[in-house]
Amino acid sequence: MSTVTIQGVSKAFGTNTVLREFSEVFKDGEFVTLLGPSGCGKTTMLRIIAGFERPTAGEVYIDDQLVSGAKTFVQPEKRNIGMVFQSYAVWPHMNVFDNVAYPLTIKKTPKATIKEKVDRVLEIVHLSQYAERFPNQLSGGQQQRVALARALVAEPRLLLLDEPLSNLDAKLRESMRFEIKEIQRALGITVVYVTHDQTEAMAMSDRIFLINRGIVQQSGTPDEIYNHPANQFVADFLGKVDFIKGTAEQGSILIKGTQQRIAYDGDKRGAVELAVRPENILFSTENAELSGTIESQYYLGDVNDCRVKLGEQTVRVIADPYTYRQLHIGDTVGMHIRDFIVFDDDGTLEEQLQIKT
C-alpha cells in the first residue's frame, strides 16, 4: 500500500496557527490515529493529507510522490485515496450496489469490472445480501459500511477516516471499531483515523498521535502512551486518572493533608503529583499503604465505581462489583496502589487540563 511522510507541516488560518511543525512517517499498512480535543488540529492534518487544505509550510509525500509543498500541489482526486466522513453521505436514490459502484462509474470503468470489484468489497464489509436495498432500509451502521465500501472499491493506496463512528449509538460504535480494524488488517491498507474518542483510539490503533493546540504531545502505541504518558495532559486525556498531591522524599511520597506515605524509589524531590488510574487502586486489608473513607459508590454491574476521601483529596477506585454489597458510605478502607506515575507539581496541571474543553 502506501507510506505517508509529513515534513515540518504547519497550518495557519489568518493569525490562528492550528498545526505547528508536524513531522512524522506513517508506515505502510499501519493504522494511525490522530487523537485530541476539538480544535486541536487533527482534522486539519487529515484534510492536508487528503488535499482539501494546503499547508502553510512543510511538505507531504504519499510514497515517494510529493503531493503538497511550496511549489507542488496534487489535487485530491489525483492522490488515489479513499475518505470516509462523519456523515454517511450515501445517495438516497441509489441502492447499495450503485452507491458503492459510483467512484468506478464516473471513471467509466467497464461494467464487468465494476460488478467484480463491488461484489468483492461488499463481501469484505458484510453487505452482500443488502446490495439491492436503499439507504432508508439500512441501519446507521450498515450505511456507514456502505460509505466505507465506496471508499475502498477503487482500491486506494491510503484510507482516511474522519470521526466515522460519532453518529452511531454506543453499542454499534463499539462493534464497528472492530469491524473497521478487521477490514484494515484483511486488506493491509494504510489508515489515518481522526477521533476525539480515546477508547476508539486505544482499540484500533497501531500508533496514536495525541495532539493539543496543534502540537503533538506524544506518539506511540496505545500501551506506551497510556502507561508512560509524557505529561499530565496525556495522562488525563487518555483514560481515567486522579492527580494526588504530595511531597517526594528519599524513599517515599508523603500524601498532602495526611501522615500517610507511599513507597517511591524515583529521583523526583519536593512537590509532586501522582497520576493514579482508578483500576490501579485495590482495596486491601493486608498490604495497604493508604487508608481512606468511602464517600460514594455506584454499582454499574461489572464494577463498583467508588470515590474515597484521602485526607483533603478524593480518589476514584474501580473495584470488583461484589464489594458493593460489602462496603458502605463512611467505611474506612485500606488501599494498595499497584502502579502510579509521578510528575513535578509545577503549577502547569490546571493550565493543561483547561485546554481540553
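**Notes on a predicted model**

Let me begin with one residue: C306 is buried, at a relative accessible area of 0%, where buried means under 20%, exposed means over 50% and partly exposed lies in between, computed with a 1.4 Å probe on protein chains only. C40 likewise counts as buried, with 2% relative accessibility.

Before going on, I should say that this is a predicted model, in which local features need pLDDT of at least 70 and side-chain atom pairs count only at pLDDT 80 or more, while totals for chains, interfaces and linings use all residues. Residues are numbered from 1 along each chain as its sequence is written, and side-chain values use heavy atoms, with hydrogens and water left out.

Staying with cysteines, the structure holds zero disulfides, a disulfide being counted when a pair of cysteine sulfur atoms lies within 2.5 Å.

Turning to the strands, which are DSSP runs of E with at least two residues, just as helices are runs of H or I with at least four, numbered from the N terminus, there is an open sheet of five strands, paired antiparallel in the order β13-β12-β11-β14-β20. Its edges are β13 (261-263) and β20 (341-344), each of which pairs on one side only; two strands pair if DSSP finds at least two bridges between them.

Within this sheet, β11 (residues 242-249) and β12 (residues 252-255) are joined in the antiparallel sense by four bridges, and A248 has I253 in β12 as its bridge partner.

Finally, the UniProt record, an unreviewed entry, lists residues 4-238 as "domain: ABC transporter", bearing in mind that positions follow the numbering used here, feature names are shortened, and annotations may be inferred rather than shown by experiment.
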